[in-house]
Amino acid sequence: MSNEKDLMEKIVSLCKRRGFVFPGSEIYGGFANSWNYGPVGVELKNNIKQLWWKRFVQQRSDMVGIDAALIMKPAVWEASGHLKNFSDPLVECKNCHTRFRADKIDITKPCEICGKAAGFTEAKMFNLMFKTFIGPAEEQANIAYFRPETAQAMFVDFKNVLDTSRKTIPFGIGQIGKAFRNEITPGNFIFRTREFEQMEIEYFIPVPKSDEEWNKYFEMWRGNMLSWIKDDLGILPEHIHELEVPKEELAHYSKRTIDFEYHFPFGVDELYGLAYRTDFDLKNHSEKSGQDLRYTDPQTGEKYLPHVIEPTWGVDRSVLAVLCESYREEADRVYLSLPPKLAPYKAAVFPLLKNKPELVKKAKEIHLALSTSNLALGPIAWDDRGNVGKRYYSQDEIGTPFCVTVDFQSLEDNTVTVRNRDTKEQPRVGAGELRDYISKQIY
Ligand code: GAP
């Protein structure tokens, strides 16, 4: 356990040291549980989001995407059941007044913060939605809520999407965006925060006549999620655990949920979820809005409210799982064995010596060709500080798969060394073949 705690500390420290994730509002002493993605963190996070969008929205003929407002009309949250049901049980230590989620601690034991057995207050249900006011008057009539899930806009916009996209059922709507929850106990770095990002899909299916009918789609998405975890994030299947959520713990909208849990250093916990939401949301929005949200089957003319399978992914938890999975320590270095597609930089280019203009000139040309031509590889790092060993070390720590060094031989025969992050091998490659050589290994 202490090794695992160490590992988490090492990852948090690497994130700060190399620019993946910084503590929020740090120069003012920090702001608990708020985190900012730095220069390489934003690249890693964007790569995850872009890969997801490509794979699940752009490359599928049964999917479209939207990007909706973060603050929706409060009536949405009434209809969705969030105002009534989106709550966690809160208790307070009678000695130190620290607040906990009652379902996450053993209230018969002493408080884990002050160590006193003073007992806890009665559990009270605490709604997790973040409140704000629209306009200058802070009064009841102007209350609005930041969305606690991206899902609802996909139900509220269902008819608009249907009328404009010519999709037929089964089809899905995908969205990536921020969600907000006033969590009672945020923590474990970017694992549980109050402001986070989700990638969600609402997949609309015909009204199932049997459990097998909805299960067929549920299984399809289960397979898609597992292959995303393995093929895109590079996570070993044995590090994933599927939890069948017990009936009594299901969210208010779900008939069945599987949590995909990851072996984080602080314990096995939820990475993603897959739920069968039935027609719960469309039915409630139809009733509360008075709008007919039924789908008309183009073949039979039958009108019905589709049922919904919802696969949902947390972006920040994806980042954390990828960092944990790829962290490696060797005697002389620390490196991230990130899948090259996710790496913030696809390669780094160095002139062997900074004070030799001919080396710098050639290295600059190579850097420009790799990063800005029509056939650009993606972001390419440039480093001319310190010696080459130090540059390798710092690129290893951010997971750059290849380091290209321009040396004196390069001026003679137009070759460069390409050092491989994982094997440390350094073959010489012709400058003209460099792009293809790297691209083949990344894509
Ligand atoms: N629309 C369904 C839904 O929101 P959820 O299980 O509450 O389901 C989906 O959230 C995913 O969002 C989770 O699997 C997790 O990856 C991520 N997530 C939820 N709460 C989070 C938090 N406080 N901080 C970071 N990520 C969170």
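A polar contact here is a pair of N or O atoms within 3.5 Å; within protein, one must be able to donate a hydrogen and the other to accept it, and residues adjacent in sequence count only if both atoms are side-chain atoms. This is a predicted model, where local features need pLDDT of at least 70, side-chain atom pairs count only at pLDDT 80 or more, and totals for chains, interfaces and linings use all residues. Residues are numbered from 1 along each chain as its sequence is written, and side-chain values use heavy atoms, with hydrogens and water left out.

**View 1. Polar contacts of the ligand.** G314 places a backbone N or O atom 3.1 Å from an oxygen atom of the ligand. Side chains join in too: a polar atom of E270 is 2.6 Å from a ligand oxygen, and an N or O atom of E149 is 2.6 Å from a ligand nitrogen.

**View 2. The shell around the ligand.** There are 20 residues around the ligand (a heavy atom within 4 Å of it). Of these, E149, T193, E200, E270 and L271 come nearest. The shell splits into six nonpolar, five polar and nine charged residues. Strand β14 (a DSSP run of E, at least two residues) is the top contributor, giving five residues.

**View 3. A salt bridge away from the text above.** Here R101 and D88 meet through their side chains, N to O, at 3.4 Å. A salt bridge means a side-chain nitrogen of Lys or Arg within 4 Å of a carboxyl oxygen of Asp or Glu. R101 belongs to strand β6 (residues 99-101) and D88 to strand β5 (residues 87-92), so to speak 13 residues apart. The whole structure has 31 salt bridges.

Terms used:
Helices (H or I, at least four residues) and strands (E, at least two) are DSSP runs, numbered from the N terminus. Ala, Val, Leu, Ile, Met, Phe, Trp, Tyr, Cys and Pro count as nonpolar, Asp, Glu, Lys and Arg as charged, and the others, Gly among them, as polar.
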